[in-house]
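Reader: I am new to this structure and would like to know how its labels are earned. Could you walk me through a few of them?

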Amino acid sequence: MITNPFLDPDRQGELYGHDARLASRSTALMRARTAGRPVPEAIVQLAQAHQAGAGRRLGLVADIGCGRGTSTRVLAEQLRPQRLLGIDASPALVAAARRRVGHHPGTQLAFLQGDFHHLPLPDASCELAVAAFCLYHSPEPGRAIAEIARSLVPGGIAVLVTKAIDSYKELDALVAAGLDPRAERHESLYATAHGGNLADLTKPTMDVVAIEHEEHRFEFSDLDHAAEYLATNPKYDLAPGLYGNPGALAAALHEWHVDKPIATTSVITYVVARSERGQS
Ligand SMILES: C[S@@+](CC[C@H](N)C(=O)[O-])C[C@H]1O[C@@H](n2cnc3c(N)ncnc32)[C@H](O)[C@@H]1O
């Protein structure tokens, strides 16, 4: 039995069958952030620092596991590549990304449904590939990273982004008191591709050129705000009616906790890698 919901094919529809869960999760979390660079902008900075395109306008850029297109939009605005492709397994999120990213004159923009284990990209076609906060949905993220390597032109750059395995542990402690006694013992959602192993997963197929860890700090203003985020977290065993229902979850939290701001952290890891084909 698969116990990690991020790895369970049967739960992907619940997680990404529409864009509402991801939208409210991201909105609640971003409202709480008190420290840490916006991730899409950090991806662009790293790509530029490591000379993706080496001073010329980039050809094809792929945003793999693009979700609602949050990074895709920033890649379009700030890198203005000739072609930009968002790829995601979820048709609903592909549609949401297409809607949200809109039109960017001068960049041929497309969104495709696809699996990062079998990328719909020819060999050696892509100058920059981004995979943010998605590789931990694979039981074998090394296979997806090998696919990214295959799709890169010689010397092409990948920027891979993930979270620390113990991200948001203070929220687990909050839920453990009263709501789910095992909250701190469930497998991390980020177990297969996290800050501690992402570079090692990349080394077999690409040349790792930089690793950056950046602590992001969050302060949820009160229990209601924390509940907005926690209600989207599939790893807890909550009483029926609480998962997906921030109002009911907030009411349950209020029964167990005095209302106060709740601080938590997540270390974000960026791995920048270059296609090894470029080394020969
Ligand atoms: C947490 S979202 C991240 C979205 C986006 N990259 C961001 O940073 O906001 C994870 C995304 O990975 C996608 N995903 C999960 N498994 C995938 C797979 N096998 N192939 C492609 N995308 C996948 C999901 O559909 C979801 O959109």
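**How the labels are earned**

Author: Leaving aside neighbours within four places in sequence, T107 is in contact with R57, R80, P81, Q82, R83 and L84, where contact means heavy atoms within 4.5 Å. Please keep in mind that this is a predicted model, in which local features need pLDDT of at least 70, side-chain atom pairs count only at pLDDT 80 or more, and totals for chains, interfaces and linings use all residues. Residues are numbered from 1 along each chain as its sequence is written, and side-chain values use heavy atoms, with hydrogens and water left out.

Reader: Why is T107 called buried?

Author: Buried means under 20% relative accessible area, exposed over 50%, and partly exposed in between (1.4 Å probe, protein chains only). T107 has 7% relative accessibility, so T107 counts as buried. Its place is in the loop between α5 (91-101) and β4 (108-113); helices (H or I, at least four residues) and strands (E, at least two) are DSSP runs, numbered from the N terminus.

Reader: What makes E276 partly exposed?

Author: E276 has a relative accessible area of 36%, and partly exposed is the label between the two cut-offs. E276 is placed in the segment after β8. Not counting residues up to four places away in sequence, E276 touches K203, P204, T205, M206 and D207.

Reader: Why is helix α9 described as largely enclosed by the rest of the structure?

Author: Six of the eight residues of α9 (residues 223-230) are buried, so the description fits. Those buried residues are L223, H225, A226, A227, Y229 and L230. They pack against α2 (20-32), β6 (152-163), α7 (169-176), β7 (206-220), α10 (246-256) and β8 (262-275).

Reader: Which residues are the closest to the ligand?

Author: The ligand is surrounded by 16 residues, and the closest are G65, D88, D115, F116 and A132. A residue is near a molecule if one of its heavy atoms lies within 4 Å of it.

Reader: What makes the approach of D88 to the ligand a polar contact?

Author: A polar contact is a pair of N or O atoms within 3.5 Å; within protein, one must be able to donate a hydrogen and the other to accept it, and residues adjacent in sequence count only if both atoms are side-chain atoms. An N or O atom in the side chain of D88 is 2.6 Å from an oxygen atom of the ligand, so the pair meets the distance limit. A backbone N or O atom of G65 lies 2.7 Å from a nitrogen atom of the ligand.
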